[in-house]
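Student: Could you take me on a close look at the place where the ligand sits? I would like one connected account.

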Amino acid sequence: MNFDFTEEQKMIQESAKSFAENEIAPTAVERDINAIFPTEIVKKMGELGFMGMMVSPDYSGAGMDTISYVLAMIEISKVDASLGVIMSVNNSLVCWGLETYASDFIKEKYLVPLALGEKLGAFALSEPEAGSDATKQKTTADKEGEFYVLNGIKNWTSNGQSADYYLVMATTDKEKAHKGISTFLVEKGTEGFGHGVKEDKLGIRSSDTCSITFESCKVPAENLVWEEGKGFNFAMSTLNGGRIGIAAQAIGIAEASLDAALKYSQERKAFGREISKFQAIQFMIADMAVKIDAAKMLTLKAAALKDADKSYVTEAAMAKLYASKISVECALDSIQIHGGYGYVREYLVERYLRDSKITEIYEGTSEIQRIVIARSLLKK
Ligand code: CAA
């Protein structure tokens with residue numbers, strides 16, 4: 001087992017860190033308060049190759065491995081978790097899904113601009129009555145000549161307002177339950193496509209989340225991704241990789257919480273010395289460091305398995321389950337160390353708590369991750 005990163009992986013980590021500190025940090029607080037989508041920053045991230053990190057250069061991607069992606073996701077999310085999810089959805093759920101399953105036509109027309117960051121993608125699976133129970137899709141897609149006509153509503157769509165291309169799961173054959181679900185690439189602006197207002201969220205407020213509506217929305221038949229009836233498998237398969245991305249996002253937030261706790265506890269004095277001199281604080285700091293390292297090991301293991309073309313379904317679920325749990329715990333401990341200062345905006349740690357909570361919910365709740373893990377064990 002080798003714990004060293006390659007020179008290229010270290011370079012990517014360094015470049016993500018410096019980009020995050022120089023280009024993302026200055027506006028992060030204002031964007032969080034006012035829920036402003038970081039359009040210009042996303043464009044720059046595209047130019048640097050962060051929006052299509054794992055896409056092959058044949059489709060204008062950066063051609064990097066999943067380990068590099070995890071390292072970059074951690075650095076970006078450490079400074080602004082909203083940018084973490086924007087990046088993760090485009091890379092894991094949209095680009096990876098298209099490169100793995102879409103036709104050459106779709107790859108040439110849509111994957112290339114997505115990988116270059118010229119266009120942004122979104123992934124529309126959840127519905128008002130199909131969240132964790134994702135097979136219960138009510139959105140329909142009826143074949144009419146050279147088109148599929150989509151009707152229905154999706155919710156909680158990340159990049160919902162800002163995306164250009166949407167991967168939409170819809171039922172093409174009700175009789176076949178989940179084997180009757182298909183995936184379509186829908187362009188924003190198609191007649192009958194609409195989106196709701198931006199959700200007013202607890203955290204990751206700079207990312208835009210909204211519902212999407214389809215009213216007799218005609219999508220060219222050539223925009224069917226993979227084949228009819230494969231839409232649920234497509235969604236599950238892309239979410240496996242997505243869960244690695246969200247685990248990395250959670251780790252980034254946890255690292256930010258630890259850094260803040262280290263800094264504050266060595267500055268703040270109480271009872272005549274820095275509070276870092278007290279064991280009560282040291283124990284919290286030590287626990288945070290152990291949890292972060294364990295979460296990183298799980299996440300890098302899942303990434304390494306994916307890069308080696310081995311099964312990573314269970315490992316990705318374990319990584320997301322654990323990283324999201326400790327992300328919330330680290331944010332809470334960091335607030336505790338900051339005392340009253342942790343409860344106000346000035347010290348950022350309150351944002352880390354708000355941002356961390358979503359990692360236990362989206363791309364499969366913690367309860368769903370436990371189901372995935374338990375099923376893989378019980379099968380044996
Ligand atoms: N990887 C690959 N395939 C999988 C899979 C996985 N992790 N989980 C299930 N499948 C496949 C099965 O192999 C089966 O395929 P076949 O029919 O070809 O044999 C098919 O999917 C159905 O599987 P199940 O019978 O196990 O389905 P189920 O209904 O019992 O359970 C579930 C499935 C695990 C609960 C699943 O519904 C699930 O993961 N739910 C959570 C959905 C989710 O993660 N939503 C996130 C929304 S997207 C989002 O958050 C993005 C964003 O914007 C940030």
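**The ligand site**

Tutor: Happily: a polar side-chain atom of Asn233 lies 3.0 Å from an oxygen atom of the ligand, a polar contact being a pair of N or O atoms within 3.5 Å. Taken alone, the ligand exposes 1100 Å², and the protein buries 74% of that (Shrake-Rupley areas, 1.4 Å probe). Please keep in mind that this is a predicted model, where local features need pLDDT of at least 70 and side-chain atom pairs count only at pLDDT 80 or more, while totals for chains, interfaces and linings use all residues. Residues are numbered from 1 along each chain as its sequence is written, and side-chain values use heavy atoms, with hydrogens and water left out.

Two further contacts reach oxygen atoms of the ligand: an N or O atom in the side chain of His178 is 2.5 Å away, and a polar side-chain atom of Ser158 is 2.9 Å away. His178 is also among the closest of the 23 surrounding residues, together with Lys179, Asn240, Arg243 and Arg375 (a heavy atom within 4 Å). This shell divides into 10 nonpolar, 9 polar and 4 charged residues. Helix H6 (231-267) gives the most, with 6 residues, while E3 and helix H10 (366-378) each supply at least two (DSSP runs, at least four residues for helices and two for strands).

Strand E3 (residues 147-158) pairs in the antiparallel sense with E2 (residues 140-144) over 5 bridges, where pairing takes at least two bridges in DSSP. On E7 (residues 209-220), E3 has an antiparallel partner joined by 9 bridges, and Thr157 has Cys210 as its bridge partner there.

Methods:
A polar contact is a pair of N or O atoms within 3.5 Å; within protein, one must be able to donate a hydrogen and the other to accept it, and residues adjacent in sequence count only if both atoms are side-chain atoms. Ala, Val, Leu, Ile, Met, Phe, Trp, Tyr, Cys and Pro count as nonpolar, Asp, Glu, Lys and Arg as charged, and the others, Gly among them, as polar.
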